[in-house]
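Hi everyone, thanks for making the time. Let me put the structure up on the screen and walk you through the parts I have been looking at.

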Amino acid sequence: MNKFFTLHFSLFTLLLAWAGTASAQDEEIMARVKEYYAKVPQEKIYVHTDKACYASGDTIWYRAHLVDAATNKPVSRSRFVNIELYDRSADSLVDRQIVKCDSDGVFANALLLPRRLSSGLYTLVAYTQWMRNFGAEGFFYKPLLILGKEPLRAPHPSSITSPSAPSLVPRDGIAGVSPTLNAYQRGNYIYIPTPAGSTEDDLIVAYGSGQIMTFTPQQGKVNRLDASKFGGGSIHIALVKADSLTVIAEQSLLLKDTDLPTVHISGTATTEAKSPMTVDISMTNADGSPLKAICSVSVTDYDVVKPDTLQPDIKAYLRQTSERALSGPVLQDMLTGNYPAIQYGFQTNQTITGSIQGTWRKHLKNPKLLFVNTHLGQQYEFELGDSSRFSVIVDNPENSTFVLQGARKNGNTSFVELNIDPQTFPQPQLPQPSKRVMGLREANTFAAQAFSQQKYSSAGTIELPEVVKKSARKKTMNYSGMEAARSLQEGDSRIEHAVSMRALLHPLGIYTETIDGEEHFRYWQVGKCYVDNYHETDHQYVLNIQPTDVKSIEYFTPNDPRNTLFGVRADERGFVPGVLFIFLKDGSEYLRKSTQKDALSIAKVQQLGYRYPREFYSPQYPDADKTQYTRPDHRTTLYWNPKVATDEAGHASVTFYSSDVSKQYLVTIEGVAADGTIISQQKVISPPPTPPLGGGF
């Protein structure tokens, strides 16, 4: 199986009801279910955003909570999460990010919205590479209302659809068999009437939340299970033929909450502008013990940012959206060893993959790969042996550029073809709108305050009109496509007024010396010279070129690690000579095209890398004299922190400053403890009531 498969579902335990020992059938079912979850563990993502409504030019602060689909315990088998924002009306991608988890397994970052977004409904999408194996319907989808500069008018586009939870309906009559299941929960117990038509050879299997129970149903009676054994979320119940391990009926049941944690939020809103506020948080388990967790916390202006009651919170989403058993009779797949096709492994790092071969797809013996990280100035050389495929692990933040070149065993790059596998992304399944999330008046009120804050926060900055790109002029002409450190572009006045090539090259820092009566470039300055992408060894020929015939010059300075891609090698001291490219006005484009045999061996790779984390900025007003702070403060999000950790006593506190307009504050806490306990709490913090004027007698 795939090397990424690991035995993760070790929490599955066998619980036997009314039986002292496990039968052979019980043990067989147990073994097959454990093996399935070991090879095909499932992931779920929930994304907490600081609010549900934004203005164009605003920032979406978010944290992605990644958990195991069966146990709801936080996992970081996948070290990267993809975050995408789609304009649902245009069905177009607005932005795409890759988020890398930190040392605590937290996936958090920010998404800056363009200032010229139009008002409408947008969808935030989150998934891991591993989740792509099971279809886009299992991705996380969160509708967001984004308001542009134009005022909203009825009818307005502020309508959304909650991501529909999987239908929890009985799945009966599998394989055309008549028995049906009608399990239900009452109090702390699950009741399962023995299906009519079942026999003594049948077994009832109940599994969920990392637990599995098997027992022989009592004919004509109602079987009772302790619901607390399965925790919250979904439980899956099946009637199985013990002799053939065939599922003949299956049902999914959403359990009621049991053993809920207690989360207290306390604080008093200040009535003074730009004044400090503290919110205290206390968490305990159902048994009263302190609850330790790392949660995401947002504080917004409740007067203009109302909670989105149409969207499930983290508790509702993770409990309702269970593993693949909700979308099909997976237990039968488990028992028969029918595993889904796995194309994508757990993404623990970022890689560049591809192959090296000869032109006309000839196999090369013992090819080499030269790899240059231009961001860090590092270079590596790998020998591939008999393989033509390669996979290079890279630390790939956004805007990183890597240059790769394939070569034969002897270093020759002629008639060598380097192929880089493209970076691919799935097509999501965006939900359709159906319900309104915000009224017209509320939306315009929020937009007015949000744009007011943007205007004041950018005071002193002149916003220029958008620059329209008229045409795209090539910056480079060398066959690698890399931009040189120094260059003279076409039309440069220095080319027109130079009296000799020596004078033309002096501004680039290139000088000559005489050896045995012949003039040469200094070897450390020009290790190789190319004229119209042809390697030219006659330096005197190059120096005799008329400057008026030169179109452009590109110069890769000494000790640039990219120089090795042009065939220059470091000397015994580790010094890498420079590389010079000269392009002539007549025939240079044709000559460049004729060098494809060399250009095919080199590639510049700029994949989408992970985004560096951003920290939420909350203004501070420490001085008692508030009159010195002249800039208005109209923030809609007053505090955001994706990593608020409770201490050993289950306590935490957050501090921030009030704005000029906020009077009530909505505090939202979401997270998952290490044992799978889901934390979700909201509270509105209001100022103390104003005492009545006057007094009584």
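Let's start with the largest nonpolar core, which has 38 residues. The members that touch the most others are Ile 45, Val 47, Ile 83, Leu 85, Leu 111, Leu 113 and Leu 318. Two or more residues each come from β2 (43-49), β4 (59-68), β5 (80-87), β7 (107-112), β8 (120-127), β9 (140-147) and α2 (314-320). Another core lies apart from this one, with 24 residues, including Ile 281, Tyr 639, Ile 669 and Ile 679. As background, nonpolar side chains in soluble globular proteins tend to be buried together.

Before I go further, please keep in mind that this is a predicted model. The mean pLDDT of the protein is 82, and 84% of its residues reach 70 or more. I'll come back to the weak stretches at the end.

Let's zoom in on Leu 85. Which residues does Leu 85 touch, once we set aside those up to four places away in sequence? The list is Ile 60, Ser 92, Leu 93, Val 94, Asp 95, Leu 111, Leu 113, Tyr 122, Thr 123, Leu 124, Leu 144 and Ile 146. Two names on that list, Leu 93 and Thr 123, deserve a moment.

Leu 93 sits in strand β6 (residues 92-100). Is Leu 93 buried or partly exposed? Its relative accessibility is 37%, so Leu 93 counts as partly exposed. Beyond four places in sequence, Leu 93 touches Glu 84, Leu 85 and Tyr 86.

Thr 123 belongs to strand β8, and because its relative accessible area is 0%, Thr 123 is buried. With the same sequence neighbours left out, Thr 123 touches Glu 84, Leu 85, Tyr 86, Arg 88, Tyr 141, Lys 142, Pro 143, Leu 430 and Pro 431. If you want a distance to check on your own screen, Leu 93 and Thr 123 are 9.6 Å apart from C-alpha to C-alpha, with their positions 30 residues apart in sequence.

Now let's move along the chain to strand β34, residues 579-584. How many of its six residues are buried? Six of the six are, and the strand is mostly covered. In a regular strand, side chains alternate between the two faces of the sheet. For β34, Val 579, Phe 581 and Phe 583 are buried on one side, while Leu 580, Ile 582 and Leu 584 are buried on the other.

What about the strands that pair with β34? Strand β31 (residues 528-531) pairs with β34 in the parallel sense, over four bridges. Strand β33 (residues 550-556) pairs with β34 in the antiparallel sense, over six bridges. Phe 581 is a handy landmark here: Phe 581 is the bridge partner of Tyr 530 and also of Glu 554.

Next, a few loop residues. Ser 601 is in the loop between α9 (596-599) and β35 (602-605). Ser 601 has a relative accessible area of 0%, so this serine is buried. Leaving out neighbours within four places in sequence, its contacts are Leu 404, Gln 405, Gly 406, Thr 413, Val 416 and Leu 418.

For those of you who like backbone angles, Lys 274 and Asn 533 are worth a look. Phi is positive at Lys 274, near 55 degrees, and at Asn 533, near 70 degrees; neither residue is a glycine. Lys 274 is in the loop between β18 (262-266) and β19 (276-284), and Asn 533 is in the loop between β31 and β32 (534-535). Lys 274 is buried, at 5% relative accessible area, and Asn 533 counts as buried too, at 1%.

A quick word on cysteines. How many disulfides does the structure hold? Zero. Cys 53 counts as buried at 5% relative accessibility, and Cys 295 counts as buried at 1%.

Finally, those weak stretches. Over residues 156-178 the pLDDT stays under 50, and the model has 78 contacts beyond four places in sequence for them. The pLDDT is also below 50 over residues 587-597, a stretch with 19 contacts beyond near neighbours in sequence.

That's my tour. Thanks for listening, and I'm happy to take questions.

Terms used:
Residues are numbered from 1 along each chain as its sequence is written. This is a predicted model: local features need pLDDT of at least 70, side-chain atom pairs count only at pLDDT 80 or more; totals for chains, interfaces and linings use all residues. Side-chain values use heavy atoms; hydrogens and water are left out. A nonpolar core is a set of buried Ala, Val, Leu, Ile, Met, Phe, Trp, Tyr and Cys residues joined through side-chain atoms within 4.5 Å. Buried means under 20% relative accessible area, exposed over 50%, partly exposed in between (1.4 Å probe, protein chains only). Contact means heavy atoms within 4.5 Å. Two strands pair if DSSP finds at least two bridges between them. A disulfide is a pair of cysteine sulfur atoms within 2.5 Å. pLDDT is the predictor's confidence in each residue, from 0 to 100.
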